[in-house]
Amino acid sequence: MLVQQFIDGFCKVLNVVMALCLAVMVVLVFGNVVMRYGFNSGITLSEELSRWLFVWMTFMGAVIALKEHGHLGTDMLLGRLGPAGKKFCLGLSYLAMLFICWLLFKGAYQQTVINLGSTSAVMEVTMAWVYAPGVVFAVLGGLILLTDLFRLLTGQVRDDDLVMVQESEESPHGGSGKA
C-alpha cells in the first residue's frame with residue numbers, strides 16, 4: 001500500500017532527524033556546561049534551542065511509537081473478548097484516537113497561528129515553532145490511525161494482532177502470577 005510505504009519511509013527520516021536533534025542537544029548542553037564552569041561564559045541559545053529540540057523530539061518519537069504500536073496499554077479486558085469484540089474495541093479506540101488527534105490539531109494549529117507574530121527571547125524566532133510539532137503529530141498520527149483503521153475494516157488485521165498494546169518490561173512473564 002502506497003500510504004504505508006510513505007509512513008514507513010517518513011518514520012525512517014524521523015529517526016534520523018531525532019538522532020540529529022539529540023546530538024545537537026548534547027553538544028549544546030555539554031558545551032554550555034564546559035563554557036560556564038571553565039570560562040565563566042556560556043552559549044546563549046543553548047537552553048532555548050535544546051528545549052525546542054526536545055519538544056520536537058518528543059512529538060516525533062510519539063509518531064514512531066504510534067506507528068510501531070509501542071505505546072503502553074492494558075489488555076485485561078480485551079484478552080477475555082472474542083475476535084469480534086476485540087475488533088469492535090479496536091475500531092472504537094481508533095475512532096477515539098482520531099478524535100483526540102483532531103482536538104490536538106485544532107488546538108496546536110490555533111496556538112501556532114496566534115504565536116506567529118511572537119518571537120522567542122533569545123533566538124528571536126517565531127514562537128510558532130514551539131506549537132507546530134503538535135500540528136505535525138496530529139496530521140501524521142491521524143494518517144497512521146486512518147491507515148490502521150482501514151486495515152481493520154477491510155479484514156487485513158490478523159486475530160493475533162487485535163490487541164495492540166505493548167507490555168511493560170517490568171511485568172511478570174510466564175504467567176506465574178508473581179510480581
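**Close-up views of a cavity and a loop residue**

**View 1. The residue classes around the largest cavity.** By class, eight nonpolar residues, no polar residues and no charged residues make up the lining of the largest cavity. Here Ala, Val, Leu, Ile, Met, Phe, Trp, Tyr, Cys and Pro count as nonpolar, Asp, Glu, Lys and Arg as charged, and the others, Gly among them, as polar. This is a predicted model, in which local features need pLDDT of at least 70 and side-chain atom pairs count only at pLDDT 80 or more, while totals for chains, interfaces and linings use all residues. Residues are numbered from 1 along each chain as its sequence is written, and side-chain values use heavy atoms, with hydrogens and water left out.

**View 2. The residues that line the largest cavity.** Look for Phe-6, Ile-7, Phe-10, Cys-11, Val-63, Leu-140, Leu-143 and Ile-144. A cavity is a set of points, on a 1 Å grid over the protein atoms alone, where a 1.4 Å probe fits but cannot get out; lining residues have an atom within 4 Å of a point. Helix 1 (2-39) and helix 4 each supply at least two lining residues, and helix 1 gives the most, with four. Helices are DSSP runs (H or I, at least four residues), numbered from the N terminus.

**View 3. Met-127 and its surroundings.** Met-127 sits in the loop between helix 3 (83-114) and helix 4 (128-153). Leaving aside neighbours within four places in sequence, Met-127 is in contact with Trp-52, Asn-115, Ser-118, Thr-119 and Ser-120; contact means heavy atoms within 4.5 Å. Gln-111 is 16 residues from Met-127 in sequence and 9.3 Å away in space, C-alpha to C-alpha.

Technical notes:
1 Å grid on protein atoms, 1.4 Å probe; cavity = no way out; pocket = protein on both sides within 12 Å on 5 of 7 lines; lining within 4 Å.
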